[in-house]
Amino acid sequence: MKKRLQDLLVVSDLDGTLLTAPEGLPGCNETVIRLFTMLGGRFTIASGRSPLSVKNALGNLPLSAPAIVFNGGMLYDYNKEKPFCEHFLPRQTALSAIHLLREQVPEIGVEIFASNGRMYQPFCGEYVNRHTIHEGLPYVVAPLEDIPGDWYKVLFGGSPEEISKLEKFATDQQWEHGYFITTSPVYLELMPEGVSKGAALKELCRQMEVDREDLYVIGDYYNDLSMLKFSGHPVAVENAVLPVKRASEKTVLPCKDGGVAQLLYDLIRRYGE
């Protein structure tokens, strides 16, 4: 039976794939996403950002499936405005990691994303300050012992040299029910064990009854690899790192030139009725 546009699910990474900083969302991407969803295609995003940050970035752009946020720490349904499939870090692991990494680089900035929907900065710094400005996020400056609730992830922000040093240190350690991943040259994140964009995507496809062969994923960075490897049709933007390109079946235009629009328009031409 011939596939239809309605059978497909397209999942796009956000930063560096769908939009750029500081320019934002290319107009061609927005236009073709609206056309794709109007014709029945299903489109959503996978990001390390929080639900609020994603909403700030996308505005009223339609998402026709729940979004993957916190690098897989949560699936969030924007239509119902509520999360599901949440995962949290063991607090003791997070506290230990923060203390040990700050011993290595005392000036490193730290952000904690808590279950009450707030972002906390127990340790400020140039790169985490840039992060909050770029994403338009409110935050609370508070000591570690005053940060409440469960924690989705911990983000460390620093120069590329500092992040490289911390990444080498972190990968040589054992973290109980947690692991580290770089999400940009200036961010290193502590995630719950077993949590990734790929694992969240697998759960999303199970709930939506989407076959892997009907799944298209597009990304640009190392934290996209798990979902690209799960997808039946992995795609890289031209500005992607080399391992992402190698894991993909094809490469489209760079993010700033509308690589996502190119992919969606190709699907409309192939499967649109």
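Rings of Phe, Tyr and Trp, the last represented by its six-membered ring, are paired if their centres lie within 6.5 Å. The exercises below apply this and other criteria to a predicted model.

**Exercise 1. Aromatic pairs and a cluster**

Task: State how many aromatic pairs the structure holds, and classify the pair formed by the rings of phenylalanine 70 and tyrosine 152.

Solution.
- Step 1. The structure holds 7 aromatic pairs.
- Step 2. The ring centres of phenylalanine 70 and tyrosine 152 are 4.4 Å apart, and their planes stand at 15 degrees. Planes under 30 degrees apart count as stacked, so the pair is stacked.
- Step 3. This pair links distant parts of the chain: phenylalanine 70 lies in the loop between E3 and E4, tyrosine 152 in strand E9 (residues 151-157), and the two are 82 residues apart.
- Step 4. Both phenylalanine 70 and tyrosine 152 are buried.
- Step 5. One aromatic cluster is formed by Phe70, Phe88, Phe113 and Tyr152.

**Exercise 2. A pair of sequence neighbours**

Task: Classify the pair formed by the rings of tyrosine 221 and tyrosine 222, and determine whether tyrosine 221 is buried or exposed.

Solution.
- Step 1. A pair of aromatic rings is described by the distance of the centres and the angle of the planes.
- Step 2. For tyrosine 221 and tyrosine 222 the centres are 4.9 Å apart and the planes are at 75 degrees, so the pair is edge-to-face. The cut-off applied here is an angle over 60 degrees.
- Step 3. The relative accessibility of tyrosine 221 is 15%, so tyrosine 221 counts as buried.
- Step 4. Tyrosine 222, at 37% relative accessibility, counts as partly exposed.

**Exercise 3. Positive phi outside glycine**

Task: For phenylalanine 70 and histidine 177, give the value of phi, then the place and the accessibility of each residue.

Solution.
- Step 1. Most residues other than glycine have a negative phi.
- Step 2. Phenylalanine 70 is not a glycine, yet its phi is positive, at about 50 degrees. Its loop runs between strand E3 (67-69) and strand E4 (74-77). With a relative accessibility of 3%, phenylalanine 70 counts as buried.
- Step 3. Histidine 177, also not a glycine, has a positive phi of about 60 degrees. This residue is in the loop between helix H5 (160-171) and strand E10 (178-184). Its relative accessibility is 44%, and histidine 177 therefore counts as partly exposed.

**Exercise 4. Loop residues and distances**

Task: Locate serine 231, alanine 142 and proline 106, and relate separation in sequence to separation in space.

Solution.
- Step 1. Serine 231 belongs to the loop between helix H7 (225-230) and strand E13 (233-237). A relative accessible area of 7% makes serine 231 buried. Its C-alpha atom is separated by 5.6 Å from that of leucine 215, 16 residues apart along the chain. Not counting residues up to four places away in sequence, serine 231 touches Arg212, Leu215, Tyr216 and Val217.
- Step 2. Alanine 142 is placed in the loop between strand E8 (140-141) and E9, and at 11% relative accessibility it counts as buried. Leaving aside neighbours within four places in sequence, the contacts of alanine 142 are Tyr120, Gln121, Pro122 and Ile147. From C-alpha to C-alpha, alanine 142 and alanine 247 are 41 Å apart in space and 105 residues apart in sequence.
- Step 3. Proline 106 sits in the loop between helix H3 (91-104) and strand E6 (109-114). With a relative accessible area of 48%, proline 106 is partly exposed. Its C-alpha atom is 9.6 Å from that of phenylalanine 123, at a sequence separation of 17 residues.

**Exercise 5. The chain as a whole**

Task: Assess how compact the protein is for its length, and describe its contacts, surface and charges.

Solution.
- Step 1. The secondary structure comprises 9 helices and 14 strands.
- Step 2. The radius of gyration is 18 Å, close to the 19 Å that the globule rule gives for 273 residues, so the protein is as compact as a globular protein of that length.
- Step 3. Taken along the principal axes, the C-alpha atoms fill a box of roughly 60 × 35 × 30 Å.
- Step 4. Of the 273 residues, 55% count as buried.
- Step 5. Among contacts with a separation of 6 or more, 59% join residues 24 or more positions apart.
- Step 6. The protein exposes about 12,300 Å², of which carbon and sulfur atoms supply 50%.
- Step 7. There are 27 positive and 35 negative charges, and their mean positions are 6 Å apart.

Definitions and conventions. Residues numbered from 1 in each chain as written. Predicted model: local features only at pLDDT ≥ 70, side-chain atom pairs only at ≥ 80, totals over all residues. Heavy atoms only, no water. Helix = DSSP H or I, 4+ residues; strand = E, 2+ residues; numbered from the N terminus. Buried < 20%, exposed > 50% of the residue type's maximum accessible area, 1.4 Å probe, protein only. Rg over C-alpha atoms; globule rule 2.2 N^0.38 Å. Contact = heavy atoms within 4.5 Å. Areas by Shrake-Rupley, 256 points an atom, 1.4 Å probe, with all protein chains shown as cover. Lys, Arg positive; Asp, Glu negative; His and termini not counted. Charge placed at Lys NZ, Arg CZ, Asp CG, Glu CD.
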